[in-house]
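Please look through the structure shown below, and keep the sequence at hand while you read the briefing that follows. The points are grouped by topic, so that each can be followed on the model itself.

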Amino acid sequence: MDRRVALPLVLLASACIHVYQSIQPRPLDPHTPVTVTTPVKAHLVDGSTVVFLSGVTVDSTQVRGDGNRYSLTLRDSAAVTSIPLDSIVGMEAFEQSVNGVSSFAVSVLATGGLTLAVAGLAVAIFGSCPTVYADSGGTALLQAEGFSYSIAPIFESRDVDRLRIVLAADGSVRLEIRNEALETHYVNHLELLEVVHGSAETALVDELNRLVVVADQHAFTRAIDRRGHDVSRQLAAADGGVYGPAAQKIDQARLPDLDDWIDLTAPAPPGADSVAIVLRLRNSLLNTTLLYDVMLGDPGARSLDWVGKDLKQVGPALAVAQWYQQRMGMNVAVSDGREYRVVTHLRDTGPIAWKDVAIVVPVVTPGSVRVRLSFPMDNWRIDRIAVADRFHRVSPTVIPLAEVREGETLSPTALASMHDADGRYLQTSPGQRFTAVFRPRSSAEPRTFFLAAQGYYMEWVRPSWLRRPRADHGFVPSDTALAQALDRWRTSQDSLEALFAATRIPTR
């Protein structure tokens with residue numbers, strides 16, 4: 001199936017579907033072999049990779065199948081029929097059709113460097129997506145994370161993120177794209193978007209990746225959470241004082257009621273038919289818990305077939321897309337004085353980088369706007385919410401990718417792989433990085449740059465998941481699955497956040 005149907009799959013998910021199923025994971029006999037029929041790669045502790053084109057059989061101690069073992073440099077190979085589970089860093093499903101897929105290795109990434117880091121790789125949970133950095137006085141500052149939660153080819157997506165950067169001395173924009181997680185990234189397209197605006201205006205991206213320029217921003221006069229607490233001061237400024245529900249509130253979340261919300265009220269300009277809601281936010285690690293523990297961890301080796309085979313079919317892929325679109329992210333609703341009506345949806349943006357978003361909503365009652373933001377309990381960290389009385393949509397200047405560098409070395413092949421949104425991809429592995437160079441033609445000020453990144457990634461299935469599966473089937477989208485993730489998140493939040501920050505894979 002063409003992976004470029006991914007966006008239509010998500011957009012088709014328009015009906016409110018809440019599925020309640022009693023699916024209780026339980027420890028299975030770890031000695032019972034699991035057969036995987038999809039092609040897989042096993043990434044080993046010594047930096048080598050074993051490719052099993054016909055699938056594998058996995059038990060608690062080893063992986064068996066007809067494979068070829070390739071050295072880190074890919075120059076040498078040897079046939080293998082089994083590998084110990086203890087020698088594996090992670091496994092991933094992959095497509096045998098590699099036409100147009102380009103891969104390069106950063107020259108300083110050596111076997112020794114990878115081996116030294118293996119002790120930490122066993123519990124690495126940092127991810128999930130390419131991370132984007134820009135230089136600021138010799139310090140790499142995080143700017144964005146690209147195509148978060150695009151966990152299979154069929155879910156390939158395009159993300160647009162606002163950048164806070166300073167141009168290089170030669171007037172170029174240089175962004176370092178890193179793979180800091182146990183994932184394989186497939187980057188299809190990178191381009192820079194430029195918006196020139198007034199000095200009192202701010203350029204932002206909306207929930208559909210369109211660009212909006214806003215002005216006359218001010219705080220909401222009222223911001224009341226589900227418990228009736230006034231959180232307006234907490235949300236008034238981008239100061240790091242983020243909104244997140246109290247532990248007691250999270251503990252009270254039970255099926256079928258797993259949602260939180262914030263009700264916002266502000267005056268609307270006279271005669272205005274719409275205003276823009278401005279948010280600075282990122283996801284909590286609830287989403288990471290859902291992906292790692294429930295979607296991939298519980299099925300163990302079975303998740304390889306789920307990603308590599310099931311999600312290539314329209315039915316299973318559409319079921320996941322519908323459920324995720326309706327259950328995760330954030331619904332934005334407007335009140336007419338009697339009830340709230342959902343007007344749009346903000347999808348999840350990722351747990352690593354802050355995202356600045358503007359969402360245009362209608363003014364339904366003259367003189368005021370009342371908005372409800374609803375989302376799964378503890379799914380978001382919200383730093384600021386404001387309302388902009390003035391806004392206008394803009395068409396950006398598109399600045400194509402000009403160079404790709406591995407260190408100081410130009411890579412024409414990598415440039416060709418990401419210059420256009422086509423069937424060619426740049427593949428990167430954990431610990432790799434490259435520099436994307438863009439050359440704006442104008443020098444107009446003030447202006448804001450945005451990075452548009454398109455692609456997907458394949459999560460590596462960890463040995464602990466392979467060794468101790470808890471489900472005898474692939475992931476089934478349901479509110480029960482979300483409740484399981486929330487229950488695990490609430491009991492491990494502090495330790496998980498510390499582990500997440502500490503297990504970022506170093507790049508070289």
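Leaving aside residues up to four places away in sequence, Leu 466 touches Val 58, Asp 59, Leu 85, Met 91, Gly 300, Ala 301 and Val 461 in this predicted model. Leu 466 belongs to helix H10, and with a relative accessibility of 4% this leucine counts as buried. One of the residues it touches is Gly 300, and although Leu 466 and Gly 300 stand 166 residues apart along the chain, their C-alpha atoms are separated by 4.6 Å.

**An exposed residue to set beside Leu 466**

- Ala 79 is part of strand E6, which covers residues 77-84, and its relative accessibility of 68% lies over the 50% cut-off, so Ala 79 counts as exposed.
- When residues up to four places away in sequence are not counted, Ala 79 touches Gly 67 and Asn 68.
- Between Ala 79 and Val 50, which are 29 residues apart in sequence, the C-alpha to C-alpha distance is 8.9 Å.

**The second largest cavity**

- Eight cavities of 30 Å³ or more are found in the structure, and the second largest of them has a volume of about 80 Å³.
- Which residues line the second largest cavity? They are Glu 92, Ala 93, Ile 151, Leu 296, Ser 303, Leu 304, Trp 306, Val 307, Met 458, Glu 459 and Val 461.
- At least two lining residues come from each of strand E7 (88-93), helix H7 (302-308) and strand E28 (447-459), and the largest share, four residues, is supplied by H7.
- Sorted by character, the lining of this second largest cavity has eight nonpolar residues, one polar residue and two charged residues.
- Val 461 appears in this lining, and Val 461 is also among the residues that Leu 466 touches.

**Aromatic pairs and a cluster**

- The model contains seven aromatic pairs, and in one of them the ring centres of Trp 306 and Phe 475 are 5.6 Å apart with their planes at 75°, so this pair is edge-to-face.
- This pair links distant parts of the chain, 169 residues apart, with Trp 306 in helix H7 and Phe 475 in the loop between helix H10 (463-467) and helix H11 (479-502).
- Where relative accessibility is concerned, Trp 306 has 2% and therefore counts as buried, and Phe 475, with 8%, counts as buried too.
- Tyr 425 and Tyr 456 form an edge-to-face aromatic pair, in which the rings are 5.8 Å apart from centre to centre and there are 70° between the planes.
- Because Tyr 425 lies in strand E26 (residues 425-428) and Tyr 456 in strand E28, their pair ties together parts that are 31 residues apart in sequence, and both of these tyrosines are buried.
- One aromatic cluster is formed by Tyr 149, Trp 306, Trp 323, Tyr 324 and Phe 475, and Trp 306 is also one of the residues that line the second largest cavity.

**Charges over ring faces**

- Lys 41 lies over the face of Phe 94, at a distance of 5.2 Å from the ring centre.
- Arg 282 lies over the face of Trp 354, and here the distance from the ring centre is 4.7 Å.

**Backbone details worth finding**

- Where are the cis peptide bonds described here? One runs from Leu 255 to Pro 256, with omega near 5°, and another joins Glu 445 and Pro 446, with omega about -10°.
- Pro 256 is found in the loop between helix H5 (247-251) and strand E17 (259-267), while Pro 446 is found in the loop between strand E27 (433-438) and strand E28.
- Phe 147 is not a glycine, yet its phi is positive, at about 35°; it sits in the loop between strand E10 (139-145) and strand E11 (157-162).
- Is Phe 147 buried or exposed? With a relative accessible area of 1%, Phe 147 is buried.
- Asp 216, which is not a glycine either, has a positive phi of about 55°, and its place is in strand E15 (residues 211-219).
- The relative accessible area of Asp 216 is 42%, so this residue is partly exposed.

Note on methods
Residues are numbered from 1 along each chain as its sequence is written. This is a predicted model: local features need pLDDT of at least 70, side-chain atom pairs count only at pLDDT 80 or more; totals for chains, interfaces and linings use all residues. Side-chain values use heavy atoms; hydrogens and water are left out. On a 1 Å grid over the protein atoms alone, a cavity is a set of points where a 1.4 Å probe fits but cannot get out, and a pocket is an open set with protein on both sides within 12 Å along at least five of seven lines; lining residues have an atom within 4 Å of a point. Grid points are joined across faces, edges and corners, and a volume is the space filled by probe spheres set on the points. Ala, Val, Leu, Ile, Met, Phe, Trp, Tyr, Cys and Pro count as nonpolar, Asp, Glu, Lys and Arg as charged, and the others, Gly among them, as polar. Rings of Phe, Tyr and Trp (its six-membered ring) pair if their centres lie within 6.5 Å; planes under 30 degrees apart count as stacked, over 60 as edge-to-face and the rest as tilted. Buried means under 20% relative accessible area, exposed over 50%, partly exposed in between (1.4 Å probe, protein chains only). A charge sits over a ring if NZ of Lys or CZ of Arg is within 6 Å of the ring centre and within 35 degrees of the ring normal. Contact means heavy atoms within 4.5 Å.
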